[in-house]
Structure formats: structure tokens, C-alpha cells
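Please look over the sequence and the structure shown here before reading on. The briefing below is written for a first-year student and is best read with the model in view.

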Amino acid sequence: MSDTSSQLLYFYNRHPISLDIIVTKLRASRGHLDDLRPEELYAHDQDHYGGLTATDELARQARIGPGTAVADFCAGLGGTVRYLAHKYGANVTGVEFTPVRAAGAQELTRLVGLQEVARIVEGNVMDAPLPDASVDAVVSQESFCHVPDVKRALAEARRILKAGGRLAFTDWVANEPLAPADAQLMWDGMAIQPLRSIADYRRLVENVGFGVLSVTDLTEEWRPILEERLAMYQRLREEARQSGAPTGHDAFHESYIRFVDLIQQRKLGGVRIVAST
Ligand SMILES: C[S@@+](CC[C@H](N)C(=O)[O-])C[C@H]1O[C@@H](n2cnc3c(N)ncnc32)[C@H](O)[C@@H]1O
């Protein structure tokens with residue numbers, strides 16, 4: 001296994017949002033997992049910034065509606081896959097690299113009975129396990145930052161999209177080059193690959209043959225969300241410590257504190273890019 005894969009697995013196998021944590025919380029709040037509704041997962045399974053509102057915006061931009069065939073690149077625990085299937089009536093396939101998360105996503109989907117319309121397959125978006133011209137839309141949220149060759153993942157998105165299909169994604173960007181020590185911290189703590197500027201990202205999308213429809217700088221929008229996330233991770237860590245559960249790894253917490261710092265300084269930021277084949 002490459003260093004890249006093992007670092008990613010190390011990070012996501014210890015991530016503070018996990019199947020175990022979600023199931024523990026649900027059992028604590030409702031006593032059992034019977035007849036669980038998709039909506040009951042929403043407070044727990046969205047591992048991106050801006051929650052459902054951010055996904056609604058991607059859905060609008062990607063023109064997702066009843067019957068739309070959608071691929072979610074880097075699906076995590078499948079929060080977006082289930083939401084798009086349940087709320088919009090789309091037919092969604094999530095591609096997720098980390099086996100524990102792919103299995104967790106499948107289990108959560110089964111628990112809410114959406115497995116016919118919300119599938120999660122274990123795989124790498126640089127070699128997407130989906131046929132050519134098979135989907136109407138590809139979405140992705142805060143995940144390409146982990147992918148060693150984003151151009152290849154974008155080319156895969158293009159390959160699986162039908163003519164006129166849409167790509168709509170959000171991701172981290174570096175508004176200015178990071179100091180080597182910060183870049184190293186992002187890698188050590190969160191398996192983040194070297195990031196690019198918004199202008200470079202746009203060029204990358206164009207270079208694989210997409211026509212860019214819109215580019216939105218999300219840096220200001222993400223700042224308060226990230227501050228709240230840091231507080232949430234610190235709360236989860238404290239709860240885990242008090243209950244004797246694993247508290248995650250220190251490098252993650254250290255790099256997250258610095259990450260929020262870098263966002264506050266606008267050195268790091270976010271972007272939403274929407275493009276068409
Ligand atoms: C920040 S999480 C986002 C999860 C999901 N998009 C959401 O919004 O809830 C990033 C996910 O990307 C996955 N991932 C990273 N690199 C990948 C790759 N090359 N192929 C597929 N999944 C990948 C990680 O395992 C992780 O679950």
C-alpha cells in the first residue's frame with residue numbers, strides 16, 4: 001500500500017464522525033435502531049461544511065431531481081448519497097475509498113431502507129468503478145483535497161458523465177502557498193495533499209475538457225462553520241475521554257486548530273465549481 005493510502009486510512013479509520021459514534025448516539029436517544037428514518041441520520045452523517053444547505057445548492061447547480069443518475073465521489077458515510085436519493089428521488093452511487101467508511105455507509109443506508117436507490121461502492125475515484133456515460137451528475141464535497149491526482153479524478157468524472165452532464169463540487173483551496181511546515185501539518189494530521197489556488201483549480205477542470213459554468217469562493221462562508229466544527233470536535237473528544245472511548249489522534253486535533261487559524265487568515269479557503277461536459 002502506498003504512503004498516500006495508508007495515511008488516508010489512518011486518518012479516516014480514526015475520524016471523529018464514524019458509524020460506531022452515530023449508532024451509539026442513536027441508541028442513546030431513541031433506545032433502538034428499528035424503523036429509523038433517513039431524516040434521523042441528518043444530524044450525524046454529513047461530513048462536509050454547510051450541512052444539507054450546501055448539498056441543496058450542489059443539487060440545484062447539478063440539476064438533480066427525480067430519477068437523475070448521480071455519482072458522489074468520495075462518499076464518506078454516505079450522508080449525501082442518502083440525502084439526494086431521499087429528498088430529490090435521485091438514483092445515487094457513492095464511491096468511497098476507506099473500507100470501514102464504505103461498510104459504515106452501507107450499514108447506515110440499510111438501516112434507513114434506502115439501499116435500492118442509494119448505493120455505496122468501495123473504490124478509488126481515480127479509477128471510478130462506474131461505466132462510461134452512465135450518470136447525469138457527479139458531485140463531491142471537501143474530498144479531492146485527499147486525492148493525489150485530482151486531474152485523474154476529474155477525468156474519471158468526465159468519462160462517466162453523459163453528454164451535457166454536470167459536475168458540481170466543493171473543495172479546499174490555498175489562497176496563497178502554504179509554508180512547508182503548515183503543508184506538512186495538514187498532511188500529518190488530515191491526509192491533505194498539496195492544495196491549489198482557485199484559478200489553478202478552474203484551469204484543471206477546463207483542462208480535462210469541462211466547460212466551467214461557475215466558480216464561487218466559499219472562504220468567508222466556511223470560516224464560522226469551521227470554527228464551530230473545531231468546537232464540535234473538541235466536544236466529541238472530551239465526551240470520548242470522559243466515557244473512556246478512543247479520543248482520536250493528536251496530530252488531527254493539532255492540525256485542525258492550525259487549519260482553522262489558516263482559514264481565519266484567508267490563507268486557506270474553499271471553492272465551489274460547477275461545470276458541464
Ligand atoms: C471529508 S470526507 C467527505 C465525505 C462525504 N463527501 C460527505 O460530505 O459526507 C472525505 C472522504 O473521501 C474519501 N476519499 C479520499 N480519497 C478518496 C479516493 N481517492 N477515492 C474515493 N474516496 C476517497 C475518504 O475516505 C473520506 O471518507
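What follows is a short briefing on the sheet, the helices that go with it, the ligand surroundings and two loop residues.

This is a predicted model, and its strands form an open sheet of 7 strands in the order 3-2-1-4-5-7-6, with mixed pairing. In general, strands of a sheet pair through backbone hydrogen bonds, and the pairing may be parallel or antiparallel.

**The sheet and its edges**

- Strand 3 (118-122) and strand 6 (211-217) stand at the edges of the sheet, and because each has a single partner strand, one side of each is left without a neighbour in the sheet.
- Going from one strand to the next, the twist averages 15°.

**Parallel pairs**

- Strand 2 and strand 3 run parallel and are joined by 5 bridges; within this pair, glycine 94 stands opposite isoleucine 120 in strand 3.
- Strand 4 and strand 5 also pair in the parallel sense, over 6 bridges, and here the bridge partner of valine 135 is leucine 161 in strand 5.

**Antiparallel pairs**

- Strand 5 and strand 7 run antiparallel and are joined by 9 bridges, with isoleucine 273 in strand 7 as the bridge partner of phenylalanine 169.
- Strand 6 and strand 7 (residues 268-276) pair in the antiparallel sense over 6 bridges, and in this pairing glycine 211 stands opposite serine 276 in strand 7.

**Helices that go with the sheet**

- Helix 6 (residues 150-160) packs on the sheet, where it touches strand 1 (69-73), strand 4 (135-141) and strand 5 (161-174), and its direction makes about 160° with that of strand 5.
- Strand 4, helix 6 and strand 5 together make a right-handed β-α-β unit, and strand 2, helix 5 (residues 99-111) and strand 3 likewise make a right-handed β-α-β unit.
- In strand 5, 11 of the 14 residues are buried, so this strand is largely enclosed by the rest of the structure.

**Around the ligand**

- The ligand is surrounded by 23 residues, of which the closest are Asp47, His48, Cys74, Gly76 and Phe97.
- Sorted by class, the shell around the ligand has 9 nonpolar, 10 polar and 4 charged residues.
- Helix 1 (3-13), helix 4 (79-88) and strand 2 (91-96) each supply at least two residues of this shell.

**Two loop residues with a positive phi**

- As background, most residues other than glycine have a negative phi, which makes the next two residues worth finding in the model.
- Cysteine 74, listed among the residues closest to the ligand, lies in the loop between strand 1 and helix 4, and its phi is near 70°, a positive value in a residue other than glycine.
- Is cysteine 74 buried or exposed? With 27 other C-beta atoms within 10 Å, cysteine 74 is buried, because the cut-off for a buried residue is 20 or more.
- Arginine 266 lies in the loop between helix 10 (250-264) and strand 7, and although arginine 266 is not a glycine, it has a positive phi of about 65°.
- Arginine 266 has 13 other C-beta atoms within 10 Å and is therefore partly exposed.

Note on methods. Residues numbered from 1 in each chain as written. Predicted model: local features only at pLDDT ≥ 70, side-chain atom pairs only at ≥ 80, totals over all residues. Pairing = 2+ DSSP bridges. Helix = DSSP H or I, 4+ residues; strand = E, 2+ residues; numbered from the N terminus. Axes fitted to C-alpha atoms, helices over the stretch in contact; angles between N-to-C directions. Contact = placed C-beta atoms within 7 Å. Near = placed C-beta within 6 Å. Nonpolar A, V, L, I, M, F, W, Y, C, P; charged D, E, K, R; others polar. Buried ≥ 20, exposed ≤ 12 C-beta atoms within 10 Å, placed from the backbone. Right-handed = clockwise from strand over helix to strand, strands pointing away.
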